[in-house]
Amino acid sequence: MTEDSSKPIRLLIADDEEDLVTFLAHRLRKRGLEVTMALSGAEAVSAGTEIKFDVAIVDLKMPDMDGITVIEQLKNLQPFIEVIMLTGHGSHDSAWEAGRLHAFRYILKPYDFEELHDLVHTAAEHRRRRMQKEFEDKLNELMAGTTSPRDLIEESGKLRSEYEQD
Amino acid sequence: MSTNRINTALVADGRQLTDLLAGLVTRSPLLRLNVVAVVDLDPGPDSPDLGLFEGTGIKKISTDINDILTREDLDLVILGSENHDVAAALRSGLFPHIPVLGPEAHKIIQGAIRLAEDNRALRADSRRLKETRLRLNIFVETAPLSIYIKDTELRYRKMNNHAQRVLGVRENEILGKRDSIVFPEGGARWLQKVEQETLNSRRTLHASGVLPVQGQMMHVQVTLFPVIENGRVEGLYGLVEDTTELFEKDQKLHAVDEQLNEAQKYLREVLENSRDIIFLTDPKGNILTFNSGAETSLGFSMDDVVGTPAHQLCANPGKFEKLFTAALREGHAVSYEAEFRSKDRRPVICNISLTLIDGPDGKPLEVVCLCRDLTTRLRLKNDLIRSERLAAVGQMASGVAHEINNPLAVIDTIAGLVEETLEEEGEALKPETRKILSKAMERLHHQVQRVTTITHSLLGFVRTQHSGMANVDIQELLEECLDVLGTEIRRSQTEIVRLYTSDIPEFTSDPMLLQQVFVNLIKNAIDAMAESPGRSGILEIMTNIDAKRVLVTIQDNGVGIAQEEQEKIFNLFHTTKPAGQGTGLGLSIVHDILYRLGGTIRVASEPGLWTRFVVEVPLTPPETLLPDPSISL
């Protein structure tokens, strides 16, 4: 499931710990992932405006922006993006709680690399399914609401390109 | 002699005259006869003796009939003789105006006299009867009792003054009428029933009840007896006594009595249900009663201790006796910290107040011992201290953990990279070098894991934060814990014995926190059993319930905990595990969680044999959760 994808997984890693980002990115690239690095919340959000991501690994606490804001902004930009939240402590503040709700999964540092790697693939697959389901739902909706076959072909074409582009 | 008497002359022969005189003269005043002349026609030995007639007014007995013929005051002549000549002479018209009674007259008169005598006796009887009746009447009319007479149809035949006054009726209004006149609203039916029964049974009956009298309820006591004449029931007498006042007094007395009882009961209940230890002793110090607070705190039942000396309950009997003596002397004695020993030899710290109660004779009767169990308070105080300490440590620990986790993540990631690279491209290195580097990377990874265990459990510690109240099914929760620990249980080949009490209702608590408690305890148990080789681990999980809490007992047959260790195991950073294997956090966290959920945990152990933890969780959580020791970062 994880290796069959024709397109490489597009991943964003956002953490203010440069060593972590550098080496984690390096190892994941070695596994064939397309990785973009961000060392602050702002960098992560600006990357999100330029590049489409399947998955983002986001540190809960960065000096300029807390993880929950980063997640919110990324999700605003890219509704289908799946976020894995990375945290150095099992703190119980509101950001952590909210993050738990927004994130696909949260994991504690230090993580198990293999586990993290698998999780990125799972998240990407999850995203793909969600998109597919939504596409199908919208298509069904379109078919139910549109009478003219020409309209249907035209509209569904638009829809397809919208989702395929993602 | 009075003039309205009948002047009579008696004429007879000797013997007859005697009879006549005896019969008449002696009774002459009664007969209103005034014997003025007596003629003996034939004097003889039977002739009357004048001495007999002394005081009767008869002066002499003549033998000459002419004596009476000359009298002009005669009204009557009684001729008692068969002497026809004389009779003829008298009747011939000598005294045509004077009645002459024949010789039978004296018999008639004798009869008349007897009649008169009988009559007199009758008159006397009748007078007595009249008097009795009068007296009875006076009694009936003046008695403070309602008295009435009814006929067999229960119609009034008589009603006395008192009854009339009480009922507000006049006798003439109700005579011949039934009760419907007297009690138009009804309410006397019970009385009529008893009256009917009196008539039917011919027996005197008593009854009491309430009658509506002039708009008020009157409590009465009634005596009914039948009037029987010639074997026939003619009616009945009713005696009615107003007992309202008596009844009210009785009621009042009853109420006072009830209040007294109530007060007594209340006092008894307060004493009985007080959570304080309260017992009574005699002046020698032997226990008389023992309340439920005492039973709960000390574990003894009342039957265990009644009759035994109270000082036997104390850790230091001498000290108690001293206090007791002081109480007998001074009337009161207090000790702020005394130690009792519970049935299971647990120390129970109390303050004691002894008060002497004197009997009515002024001699010491009993001593009230009121003791407040401070053990819980001391424990709570300790818990609070521990909790506060945990808070401080928690704050620090999570901060430290965070700071360590970041570099650890970097180290681990880099170590992984090196490891991977060595595997993929390590051919260039000497085989030994490659081997030792591989080993080094593996160890580095291992050491990171070790630190991770500690930092993560430190974070787990912080995570004892209250996550949310929900309904807890204890059995389900315990099964979840066993699931979580599935790998460890299988690996250690631990046998799980489930002793669940069925039908424990769901209760409100924090399931996440409780899970953490039981996972910790079960994990500890598995570890303890692993340390006692050669014996297969048996873990017993038992659930119980009482009125206020759910009890979960987790018992293992592991190495056990030494007595002196048992008090410390809940302390922070205290661990019995080998270095690097325990953080000394688990039981602290467990203790802390239970403290905040209003529960408790107790430990008992037999070193080398078994360890038992008993967790108590209240069925209703504390209104506000107790202070959270971990502080948000």
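This passage walks through chain B, one of its sheets, a buried aspartate and two nonpolar cores. The structure is a predicted model.

Chain B offers a good starting point. Its secondary structure comes to 20 helices and 21 strands. Of its 633 residues, 29% are buried. Among the contacts in chain B with a separation of 6 or more, 61% link residues 24 or more positions apart.

One sheet of chain B deserves a closer look. It is an open sheet of five strands, arranged in the order E16-E18-E19-E21-E20, with mixed pairing. At its edges stand strand E16 (495–499) and strand E20 (600–606) of chain B; each has a single partner strand, so one side of each is left without a neighbour in the sheet. On average, neighbouring strands of this sheet are turned by 15° against each other, direction ignored. As a general point, strands of a sheet pair through backbone hydrogen bonds, and the pairing can be parallel or antiparallel. In this sheet, E20(B) and strand E21 (residues 610–618) of chain B run antiparallel and are joined by seven bridges. For Glu606(B), the bridge partner in E21(B) is Trp610(B). A helix joins the picture too: helix H18 (residues 511–530) of chain B packs on the sheet, where it touches strand E18 (538–545), strand E19 (549–556) and E21 of chain B. The direction of H18 makes about 20° with that of E19(B).

Elsewhere in chain B, Asp179(B) belongs to helix H8 (residues 179–182). Is Asp179(B) buried or exposed? Asp179(B) has 20 other C-beta atoms within 10 Å, and a residue counts as buried at 20 or more, so Asp179(B) is buried. Beyond its neighbours within four places in sequence, Asp179(B) is in contact with Ala188(B) and Gln192(B). Gln192(B) lies 13 residues from Asp179(B) in sequence, and their C-alpha atoms are 8.2 Å apart.

The nonpolar cores come last. In soluble globular proteins, nonpolar side chains tend to be buried together. The largest nonpolar core here has 41 residues, and those touching the most other members are Leu11(A), Ile13(A), Val55(A), Ala56(A), Val58(A), Val83(A) and Ile84(A). Helix H1 (residues 18–30) of chain A gives the most to this core, with six residues. Setting aside its neighbours within four places in sequence, Val58(A) has contacts that include Ala14(A), Ala44(A), Val70(A), Ile71(A) and Val83(A). Another core lies apart from the largest one; it has 34 residues, including Val472(B), Leu539(B), Ile554(B) and Ile561(B).

Methods
Residues numbered from 1 in each chain as written. Chains lettered and ligands numbered in written order. Predicted model: local features only at pLDDT ≥ 70, side-chain atom pairs only at ≥ 80, totals over all residues. Pairing = 2+ DSSP bridges. Helix = DSSP H or I, 4+ residues; strand = E, 2+ residues; numbered from the N terminus. Axes fitted to C-alpha atoms, helices over the stretch in contact; angles between N-to-C directions. Contact = placed C-beta atoms within 7 Å. Buried ≥ 20, exposed ≤ 12 C-beta atoms within 10 Å, placed from the backbone. Core = buried A, V, L, I, M, F, W, Y, C linked by C-beta atoms within 7 Å.
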